[in-house]
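The following report concerns strand pairing and helix packing in a single model. Please consult the sequence and structure shown here alongside the text.

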Amino acid sequence: MKIMIIGATGMAGSAITAQALAQGHMVTAIGRSAEKLATLTPNAHLTTVAKDAFTLTRADLTAVDVVVDAMATPPAKAYLHVDLATKLVAMLRDTTAPRLVFILGAGSLKTGADQHLFVNDIAADPANTAFVSIPQSQLKELTFLRTVDNVNWVGISPAADFHAGPAVPVHLGTDDLYVNDQGISATNTGTMAVAVLNEVTQPAHHQTRFTVANQ
């Protein structure tokens with residue numbers, strides 16, 4: 001398959017890029033920094049493109065089978081998550097290809113007996129003030145995506161602690177924050193990458209969000 005990965009040098013994007021290449025897919029890695037793109041492991045199936053994702057055209061998107069939006073932003077520009085999602089959707093209205101895969105946050109997941117949004121817990125801790133705008137914007141991104149019924153999209157959220165690490169056995173869920181038997185709610189980037197490629201090659205979700213966590 002031909003897969004475009006936006007934010008290919010980021011924490012999630014680099015793991016997804018590596019997994020896609022390991023499976024033999026043709027990958028177009030999009031990143032703002034040519035220097036960071038140059039750090040990706042060379043591969044005959046890898047094409048790197050240094051450009052702002054907001055300059056991508058419809059022709060760029062329709063040249064591939066799947067577009068993975070793994071863009072990361074600084075907290076001050078967290079609104080770009082929503083802006084990029086709306087741009088990608090707008091260019092692909094009334095189409096079935098390429099498929100759009102959005103890496104979302106854990107803040108939009110439900111938790112507790114009252115099923116409140118996890119982003120409320122994040123916001124309640126003063127230690128998170130500096131970055132809470134990111135999960136808040138990713139919640140807005142998902143809220144927008146849920147209105148989209150004429151584009152082929154899927155969203156994927158990690159658990160509470162999303163960090164770099166190898167693939168481990170995975171738990172798949174829907175809208176609830178997963179906590180394992182040890183009281184840990186975590187997703188390794190390797191676990192996420194495997195789940196993304198499984199969904200890309202064997203689609204099981206359509207116009208919905210699911211969650212991926214370490215068991």
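## Pairing of strands 1 and 2

In this predicted model, strand 1 (residues 2–6) pairs with strand 2 (residues 26–31) in the parallel sense, over five bridges. Lys2 has Met26 of strand 2 as its bridge partner.

## The sheet

Strands 1 and 2 belong to an open sheet of eight strands with mixed pairing, whose order is 3-2-1-4-5-8-12-10. The edges are occupied by strand 3 (46–50) and strand 10 (170–173); each has a single partner strand, so one side of each is left without a neighbour in the sheet. From one strand to the next, the twist averages 20°.

## Helix 6 on the sheet

Helix 6 packs on this sheet and touches strand 4 (66–69), strand 5 (99–103), strand 8 (153–157) and strand 12 (209–214). The direction of helix 6 makes about 150° with that of strand 5.

## Helix 4 against helix 6

Helix 6 (residues 133–145) also meets helix 4 (residues 80–91): their axes come within 8 Å and cross at roughly 25°. Because angles under 35 degrees count as roughly parallel, helix 4 is roughly parallel to helix 6. The crossing of the two helices is right-handed.

On the helix 4 side, the contact is made by His81, Val82, Ala85, Thr86 and Val89. Helix 6 contributes Ile134, Ser137, Gln138, Lys140, Glu141, Phe144 and Leu145. By class, the residues of this contact comprise six nonpolar, four polar and two charged.

Note on methods: Residues are numbered from 1 along each chain as its sequence is written. This is a predicted model: local features need pLDDT of at least 70, side-chain atom pairs count only at pLDDT 80 or more; totals for chains, interfaces and linings use all residues. Side-chain values use heavy atoms; hydrogens and water are left out. Axes are lines fitted to C-alpha atoms, for helices over the stretch in contact, and angles run from 0 to 180 degrees between N-to-C directions. Helices (H or I, at least four residues) and strands (E, at least two) are DSSP runs, numbered from the N terminus. Angles under 35 degrees count as roughly parallel, over 145 as roughly antiparallel, 65 to 115 as roughly perpendicular and the rest as oblique. A crossing is left-handed if the near helix is turned anticlockwise from the far one by less than a right angle, and right-handed if clockwise. Contact means heavy atoms within 4.5 Å. Ala, Val, Leu, Ile, Met, Phe, Trp, Tyr, Cys and Pro count as nonpolar, Asp, Glu, Lys and Arg as charged, and the others, Gly among them, as polar. Two strands pair if DSSP finds at least two bridges between them.
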